[in-house]
Every structure is written in structure tokens, then in C-alpha cells.
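Biologist: Please take a close look at one part of this model for me. Start from its backbone and surroundings, then work outwards to whatever else deserves attention.

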Amino acid sequence: MSAEAPAETWPFLALLEELEVEIDPQLLALALTHRSYAFENGGIPTNERLEFLGDAVLEVGVTDYLYRAYPDLHEGRLAKLRAAVVSTVSLGDVARGLGIGPHIKLGKGEELTGGHDKTSILADTTEALLGAVELSSGLPAALSVVHRLFDPLVDEAERTGAGTDWKTVLQELCADQGLEGPEYRIVGSGPDHDRRYEAHAVIDGVDHTGFTGHNKKEAEQGAAHLAVRELTRA
């Protein structure tokens with residue numbers, strides 16, 4: 001499918017239509033351009049600047065809701081909840097719900113390794129799309145999108161006690177279920193200036209879904225979070 005697909009075939013565009021928010025077609029195309037695609041096509045612009053902008057929009061929207069909705073929470077707890085809600089894992093889930101993956105322009109290598117469903121790529125693209133909305137329709141419109149998508153996640157995070165150390169949560173969960181582990185298998189890739197690490201939580205010999213982060217700590221935390229979700233859904 002292309003970025004120009006009718007709104008009814010793409011939940012993200014359908015959401016913008018429902019909220020009466022417009023997005024410039026050129027900015028939409030740019031938001032969907034991953035650096036791997038840009039590199040293979042003569043170094044065209046990528047979505048990274050839009051991602052930078054969208055990250056700030058997301059932080060403002062989630063922070064505003066947290067402050068207003070939870071007046072009795074102290075600053076430390078608010079910060080942990082915000083971190084949980086704007087995490088790469090959370091953004092990846094939102095992206096999947098919005099059907100973003102198939103529309104991302106990727107290089108051949110990323111396509112072959114499942115890049116259209118890679119959590120880190122989905123998360124970055126979601127932020128880029130928020131940046132594109134902000135430039136197209138202004139900050140209030142972009143914040144309305146953030147509130148629609150992320151306010152329910154904030155409430156869920158508060159109910160479930162999110163914002164904790166996922167490695168600790170996974171360790172305790174394994175103990176409760178009589179499972180051995182966890183251990184973490186980490187593989188680094190990419191040049192020194194853009195190093196990425198993919199971590200997998202290995203529990204009772206089972207290799208759970210991998211998570212790619214910018215450093216080993218982030219990768220392990222993301223892998224632990226994914227493993228917790230898989231074990232609690234079983």
C-alpha cells in the first residue's frame with residue numbers, strides 16, 4: 001500500500017480524518033522515509049528531523065495529560081509513567097494499531113529482515129508522523145492526536161504499575177511461574193556512530209521476541225518488557 005491509500009484502508013489516516021486534522025502529502029511521504037531507503041536512493045532526506053520534532057510533541061502531550069489527570073502523583077512517579085508510555089515498545093504497539101508498518105519506505109536489507117514490523121523502526125516512524133502533523137496543522141492539532149492515542153495508555157500504565165524495572169519484573173515473574181532464567185542474548189550491529197543492539201530474553205531455553213535499542217541496557221529492558229507481555233498472555 002502507498003502513503004496515498006484511502007483513509008478507510010489505513011487507520012492512521014482514518015484517525016486524522018475523524019479528528020479533522022490534515023497532513024501535507026509531502027510531509028507524510030517524508031515521515032515514512034527510513035534512512036535505509038534514503039541511503040539506497042541517493043541520500044534523499046530521511047524522517048529523522050521529523051522524528052526529533054514528533055518526540056517533543058509526544059512528550060508535551062503525555063506530560064500535560066499526566067499533570068492534569070493525576071494531581072496527587074509526585075514528580076518521580078509522573079516521570080516513570082511518562083517513560084513507560086513513550087517507550088519504544090509502547091510506540092511500536094501504537095504503530096501496529098495504526099497500520100503504519102506496511103507504508104514505511106525501507107531499504108532492501110531492512111525489508112528482508114522484517115523491518116516493517118521492527119519495533120524500533122515503527123516507534124521512530126510514529127514520532128515522525130506526529131512531527132509531520134504538527135508542521136501541517138499546528139501544535140494543538142498534533143496534541144489532539146497524541147491525546148487520542150496515548151491518554152488511554154497513561155491510564156493503563158497507572159493501573160498496572162508500569163514504569164518499573166522490566167528486568168526485575170521479568171525475574172520475579174519467572175520465579176512465580178517456576179521458570180529458569182532469564183538470561184539475555186545480545187548482538188551488536190552497525191557502525192560505531194550508529195551502533196544498535198538486539199537483545200533476546202532466554203527463559204527455560206525459549207528465545208523470546210527480540211528488541212533493538214541504542215545501547216545494551218535499553219535493549220535488555222525492551223526485551224524483558226516483551227517477554228513479560230508474552231508470558232502473561234500465555
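Modeller: Glu 20 sits in the loop between helix H1 (11–18) and helix H2. The model is predicted, so read every value as computed from predicted coordinates. The backbone of Glu 20 has a positive phi of about 60 degrees, although the residue is not a glycine. Glu 20 counts as exposed because its relative accessibility is 74%, and the cut-off for exposed is over 50%.

Another positive phi belongs to Asp 204. Its phi is near 50 degrees, and Asp 204 is not a glycine either. Asp 204 lies in the loop between strand S2 and strand S3 (206–207). Its relative accessibility is 41%, so Asp 204 counts as partly exposed.

Strand S3 holds Val 206. Val 206 is partly exposed too, at 45% relative accessibility. Use Val 206 to gauge distance across the model. Its C-alpha is 40 Å from that of Leu 16, with their positions 190 residues apart along the chain. Thr 9 gives another pair. Thr 9 belongs to the segment before H1 and is partly exposed at 37%. Thr 9 and Gly 99 are 90 residues apart in sequence, yet their C-alpha atoms are 9.0 Å apart.

Now go inside. The loop after H2 (25–31) leads to helix H3 (35–40), and His 34 is in that loop. Is His 34 buried or exposed? His 34 is buried because its relative accessible area is 7%, and buried means under 20%. Beyond four places in sequence, its contacts are Asn 47, Ile 104, Lys 105, Leu 106, Glu 110 and Ile 121.

His 34 also borders an empty space. The model has 1 cavity of 30 Å³ or more. The volume of this largest cavity is about 40 Å³. Its lining is made up of His 34, Arg 35, Asn 47, Glu 48, Glu 51, Ile 121, Asp 124 and Thr 125. Two elements give two or more residues each to that lining: helix H4 (48–69) and helix H8 (119–137). H8 supplies the largest share, 3 residues. By type, the lining has 4 charged residues, 3 polar ones and 1 nonpolar.

Step into H3 for Ser 36. Ser 36 is buried, given a relative accessible area of 16%. Its side chain reaches the backbone nitrogen of Gly 107 at 2.8 Å. Not counting residues up to four places away in sequence, Ser 36 touches Leu 106, Gly 107 and Glu 110. Leu 106 and Glu 110 are also among the contacts of His 34.

Next comes helix H11. H11 covers residues 216–233, which is 18 residues. From first C-alpha to last, H11 reaches 26 Å, close to the 26 Å expected at 1.5 Å a residue. At its start, a side-chain oxygen of Asn 215 comes within 3.2 Å of the backbone nitrogen of Lys 217.

Which residues of H11 are buried? They are Ala 219, Glu 220, Gln 221, Gly 222, Ala 223, Ala 224, His 225, Leu 226, Ala 227, Val 228, Arg 229 and Leu 231. An α-helix has 3.6 residues a turn, so residues three or four places apart point the same way. The run from Ala 219 to Arg 229 is listed as buried without a gap. What do the buried residues of H11 pack against? Their partners are helix H6 (88–97), helix H10 (166–176), strand S1 (183–189), strand S2 (196–203) and strand S4 (211–213).

Ile 186 shows the S1 side of that packing. Ile 186 is in strand S1. Its relative accessible area is 28%, so Ile 186 is partly exposed. Leaving aside neighbours within four places in sequence, Ile 186 contacts Tyr 197, Glu 198, Ala 199, Lys 216 and Glu 220. Ile 186 and Glu 220 are 34 residues apart in sequence and 8.0 Å apart in space, C-alpha to C-alpha. Glu 220 is one of the buried residues of H11.

Definitions and conventions:
Residues numbered from 1 in each chain as written. Predicted model: local features only at pLDDT ≥ 70, side-chain atom pairs only at ≥ 80, totals over all residues. Heavy atoms only, no water. Helix = DSSP H or I, 4+ residues; strand = E, 2+ residues; numbered from the N terminus. Buried < 20%, exposed > 50% of the residue type's maximum accessible area, 1.4 Å probe, protein only. Contact = heavy atoms within 4.5 Å. Expected span 1.5 Å × (residues − 1). Polar contact = N/O pair within 3.5 Å; in protein donor to acceptor, adjacent residues only side chain to side chain. 1 Å grid on protein atoms, 1.4 Å probe; cavity = no way out; pocket = protein on both sides within 12 Å on 5 of 7 lines; lining within 4 Å. Points joined across faces, edges and corners; volume = space filled by probe spheres on them. Nonpolar A, V, L, I, M, F, W, Y, C, P; charged D, E, K, R; others polar.
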